[in-house]
Amino acid sequence: MMPIITISRETGSNGSRIGEMVAKELNIPVIDKYFIEELRKKTGYSPSHLENKGEYLSQFDFFLNAQFYNGLYLGDEQNDLYHIQRNIILEEAKKGPCVIIGRCADAILADEKIPSLNVFIHADMEYRIRNYRERFPNHEATLEKLMKKKDKGRKAYYRFYTDREWGDVSNYDLALDSGRLGEEMCKKLIIVAAQERAEIK
């Protein structure tokens with residue numbers, strides 16, 4: 001059986017789009033925007049609010065969580081959203097092969113001993129800025145700062161909830177440079193790896 005594929009990605013590397021391309025080619029579901037809709041149904045929060053809270057943790061929030069993890073700060077909105085997302089990831093994984101974008105999916109599945117192919121998509125800043133400029137043309141002067149802030153938020157979120165380092169290659173089966181390889185080649189390499197993993201099983 002085709003493994004579950006998790007995609008972690010740097011902001012602007014087009015990792016989400018590559019994940020969607022892989023899912024389309026393999027004819028399996030992609031769990032990305034699905035998170036936002038499911039969280040909206042379960043919590044009533046707006047999509048924009050969920051987008052900001054569902055995968056990012058500010059340095060201030062990280063500090064408070066670390067200081068008060070014994071219970072004083074544990075019942076907050078951020079932790080509630082994480083546990084809802086975690087349940088969604090496990091529910092979808094039990095249904096069969098799929099592509100899951102971000103949200104600590106690789107670590108969550110590993111904790112539950114659910115086999116997966118874990119991929120990290122990265123690229124140099126010039127390539128990432130070029131991609132992001134298409135989405136945010138009015139923020140050209142601050143794009144690099146914005147992208148670094150988003151990646152810091154992902155890193156803090158991942159570290160807090162998994163005790164792992166986001167982007168550390170030892171956490172992934174594949175680390176692909178989308179700027180050098182291109183989206184199509186990244187897609188092909190992920191599919192080949194997934195097919196090989198399926199044959200081994």
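Q: With which side chain does the side chain of Thr 11 make a polar contact of 2.7 Å?
A: This is a predicted model: local features need pLDDT (the predictor's confidence in each residue, from 0 to 100) of at least 70, side-chain atom pairs count only at pLDDT 80 or more, and totals for chains, interfaces and linings use all residues. Residues are numbered from 1 along each chain as its sequence is written, and side-chain values use heavy atoms, leaving out hydrogens and water. A polar contact is a pair of N or O atoms within 3.5 Å; within protein, one must be able to donate a hydrogen and the other to accept it, and residues adjacent in sequence count only if both atoms are side-chain atoms. At 2.7 Å, the partner of Thr 11 is Asp 151.

Q: Is Thr 11 buried or exposed?
A: Buried means under 20% relative accessible area, exposed over 50%, partly exposed in between (1.4 Å probe, protein chains only). Thr 11 has 3% relative accessibility, so Thr 11 counts as buried.

Q: What is the mean pLDDT of the protein?
A: Residues at 70 or more make up 87% of the protein. Over residues 62–74, though, the pLDDT is below 50. Where pLDDT is low, the predicted coordinates should not be read in detail. The mean pLDDT of the protein is 85.

Q: Which helix gives the most to the largest nonpolar core?
A: A nonpolar core is a set of buried Ala, Val, Leu, Ile, Met, Phe, Trp, Tyr and Cys residues joined through side-chain atoms within 4.5 Å. The largest has 29 residues. Helices (H or I, at least four residues) are DSSP runs, numbered from the N terminus. With six residues, the top contributor to this core is H5.

Conventions. Contact means heavy atoms within 4.5 Å. Helices (H or I, at least four residues) and strands (E, at least two) are DSSP runs, numbered from the N terminus.
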